[in-house]
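User: I'm new to this structure, so please walk me through it and show me how each label is earned.
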Amino acid sequence: MRNLKALLLTGIVLCCSSFVDGTAARSPGSHGLPSQENAVEIKMVKNGVVLDNKLVQITFSNPGGDVIAISYGGIDNLLEINNVEGDRGYWDVVWDNVAETVHTQNKLPGTQFKVITQSPDQVEISFITTYNASLHRGDNGVTVPMNIDKRYILQQGRTGFYTYAIFERLQGWPGGRMETLRVAFKLLGAKFRYMAVSDTRQRFMPTAQDRARGKPLAYKEAVLMNNETSSPEFAGEVDDKYQYSAEDKDIKVHGWISMAPPVGFWMITPSDESRIAGPFKQDLTSHVGPTSMTVFSCSHYVGKEVGLKFQEGEAWKKVFGPVFVYLNSAAPSSHSSSMIRTLWNNAKDQMLEEVKSWPYNFISSQDYPSSNQRGSVSGQLLVNDPYIPGIPVASSAYVGLAAPGEVGSWQRESKGYQFWTQTDAKGNFFIEHVRPGHYNLYASVPGIVGDYKYEVDIIIKPGSKIELASITYKPPRIGPTLWEIGIPDRSAAEFYIPDPYPTLMNKLYKGSELDKFRQYGLWSRYYELYPHKDLIYNIGANNYGDDWFYAQVTRSVGNNKYVGTTWQIQFELNAVNPGIYTLQLALASATYAELEVRVNNANAKPPLFSTGLIGDDNAIARHGIHGLYWFWSIKVPSTLLHKGSNTIYLTQTRGGTPLQGVMYDYIRLEGPAEKP
């Protein structure tokens, strides 16, 4: 079998030009005087609607509102023609009714088509799904208790189109839970073989057929491919869509490249305001299919406690998007790397243009406020920890506005909008383009444990410019640090991550220390490193980067049985002062786990502290290095401690599967509070 790259390059004409056809140099909506010759046209065809600006032609089902064809760059249809029309480009949700346990995917077929605006410069169309309470599962109608308005916009001179959706529940409608909400495109597998998620995460990808011939591993998404693959380079490799996940703050542009002809298909998400659970929420991007998507709401990496849950009768409305589906093309070349670089760099440039243009001023919906209808908040964040000299600025902190709630509630908040930014080297922040509404201001500071909440509510009105000056975070602190393990950054990345199994690797991450955690099966390395007894960490002798396993997982005891584990922290105290010591304990992830803490007695009943059963973020299985963040300040009476040797026992009690457990973020033992 010929090499994949050679196969894809067959028929490409040698050309020295690096010409790119796209819109990277143009701001959205700014096209000068419209030309009738290149005006955007709307055409009605049998069971369909076509938008055409002479650069790209998009065909929609009518009245369903699915994208069934995209013609661009010499390819008649960029979408997979072997799929049924409703499985090519679509918005969809996974909905659970209150009385049901079965997840139901619904692609939200429209029942009404409308032209919202039409001019030579721009056309915006709508496909409306109206809830009908008399319909039930199995009828040709809507089962999700929502009114949904799917919008698409094509502009003159643009090689791409915008899409957004307005979801609305009216008072009195049935309750339920929206497990997933996304917009997805399934591309032509015969053409799109190269995927790019970031500068360092891009490669030629196996096909869906390669996966189908492979062997499913611990769960269906992870497949070990055999020797019958489309290219020898994929043989013996693991593919799993979760290996290409990323934090939402980093998912601005990703997509696929066709090499013959050289065409790029890119999902550009210029704003995270309508996504759930804050900037560190992880979501899928692109994966084998070839598939690209923008995920707005999903339980991945956070669990079912996070998501769009609605009480019986609850009214609600939210706009998701817009996102920009960007298409570009390059001059053919015999050097695939040159074409890839040209298309990827151009896509990044276009992403920056979209971010700069946000919020768009060409959206024809009163539910999407334009720039002059929004507000801003600015200030400076300081940190006041009496055991850190001075009052340091909160450099590189994430500061955001989200719905009012408790400290840290933003990472579980889903129904409202969130707006986040990162502070500069002096702790200054500027949150702009904020929708009118009622918010709390929250922050997370790298290197500082816990979460910050500004206690005064923030009310944004159109044109608001709120200046907070300096605000101060006083993180959890009782006494001086006696010892600490890890770095407080909501992640387990600093701990020991083992080498992957050579027979279970994804070659994209081979040799990468930064992305090593994305490899499959790392949890099983624990039983090999600790075959007879669990991890023991000695303060002063061990180093958390080498000696603290990245996840406290279960232990295999044979016969497909897995049990909980107990880790020990051993340390010396020169003296024990009377009073209360404090164990600051932060977790980066938890999956069907219960963590118990004991001091100097491994069998103490009850334990000093128990989390109870927590978490279902599945970060261990999904190759994440964190999920939801958990934090506790645990009081340790001095009577439990000894002068000399001491041991803290951390017991994860729950067993049953190899994928249960916790990831630690940071542990610190503090002495009693010092007298002023």
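Analyst: Here's a term to begin with: a salt bridge is a Lys or Arg side-chain nitrogen within 4 Å of a carboxyl oxygen of Asp or Glu. By that rule Glu41, Lys43, Asp52 and Lys54 are linked in a network of salt bridges. Keep in mind that this is a predicted model.

User: How many salt bridges does the structure hold?

Analyst: There are 36 of them. As background, side chains of opposite charge can pair when their charged atoms come close.

User: What makes Arg374 and Glu273 a salt bridge?

Analyst: The closest N and O atoms of Arg374 and Glu273 are 2.7 Å apart. The cut-off is 4 Å, so this pair passes. Arg374 sits in the loop between H3 and E26, and Glu273 in the loop between strand E20 (262–268) and strand E21 (282–283), so their bridge ties together parts 101 residues apart in sequence.

User: Are those two residues buried or exposed, and how do you know?

Analyst: Buried means under 20% relative accessible area. Arg374 has 4% and Glu273 has 2%, so each of them counts as buried. Arg374 has another partner too: its charged end sits over the ring of Tyr368, 5.2 Å from the ring centre. The limit on that distance is 6 Å.

User: Where do Arg654 and Glu594 lie?

Analyst: These two side chains meet in a salt bridge, 3.0 Å from N to O. Arg654 is in the loop between strand E44 (644–652) and strand E45 (661–670), while Glu594 is in the loop between E39 and strand E40 (595–599), and 60 residues separate them.

User: Why is Arg654 called partly exposed?

Analyst: Its relative accessible area is 32%. Partly exposed covers what falls between buried, under 20%, and exposed, over 50%, so the label fits Arg654. Glu594, at 14%, counts as buried. For another bridge, look at Glu670 and Arg668, whose closest N and O atoms are 2.7 Å apart; Glu670 and Arg668 are buried.

User: On to the rings. How do you know that Trp358 and Tyr368 form an aromatic pair, and what kind is it?

Analyst: Ring centres must lie within 6.5 Å, and planes over 60 degrees apart count as edge-to-face. Trp358 and Tyr368 are 5.7 Å centre to centre with 90° between the planes, so the pair is edge-to-face. The structure holds 47 aromatic pairs. Trp358 and Tyr368 lie in the loop between helix H3 (336–357) and strand E26 (375–383), so the pair ties together parts that are 10 residues apart in sequence. Trp358 is buried at 6%, and Tyr368 is buried at 3%.

User: Why is the pair of Tyr496 and Phe549 called tilted?

Analyst: Planes under 30 degrees apart are stacked, those over 60 are edge-to-face, and the rest are tilted. Tyr496 and Phe549 have 50° between their planes, so they land in the tilted group, with 6.4 Å centre to centre. The pair links distant parts of the chain, 53 residues apart: Tyr496 is in the loop between strand E33 (481–486) and helix H4 (525–529), and Phe549 in the loop between helix H5 (544–547) and strand E35 (552–553). Tyr496 is partly exposed at 26%, whereas Phe549 is buried at 1%. Ring pairs also join Tyr496 and Phe549 into a cluster whose members include Trp548, Tyr550, Trp567 and Tyr664.

User: Which residues have the most contacts inside the largest nonpolar core?

Analyst: They are Trp548, Tyr550, Leu650, Tyr664 and Ile667, in a core of 71 residues. Strand E39 (residues 580–593) gives the largest share, seven residues. Leaving aside neighbours within four places in sequence, Leu650 touches residues including Trp548, Trp567, Tyr664 and Ile667. A second, separate core of 54 residues includes Leu51, Val123, Tyr152 and Leu508.

User: What makes Arg518 and Asp515 a polar contact?

Analyst: Their side chains come to 2.9 Å, and the limit is 3.5 Å, so the distance fits. Arg518 is in the loop between E33 and H4. At 10% relative accessible area, Arg518 is buried. Beyond its close sequence neighbours, Arg518 is in contact with Arg201, Gln243, Ser245, Tyr509 and His623.

Technical notes. Residues numbered from 1 in each chain as written. Predicted model: local features only at pLDDT ≥ 70, side-chain atom pairs only at ≥ 80, totals over all residues. Heavy atoms only, no water. Phe/Tyr/Trp six-rings, centres within 6.5 Å; stacked < 30°, edge-to-face > 60°. Helix = DSSP H or I, 4+ residues; strand = E, 2+ residues; numbered from the N terminus. Buried < 20%, exposed > 50% of the residue type's maximum accessible area, 1.4 Å probe, protein only. Lys NZ or Arg CZ within 6 Å of the ring centre and 35° of its normal. Polar contact = N/O pair within 3.5 Å; in protein donor to acceptor, adjacent residues only side chain to side chain. Contact = heavy atoms within 4.5 Å. Core = buried A, V, L, I, M, F, W, Y, C linked by side-chain atoms within 4.5 Å.
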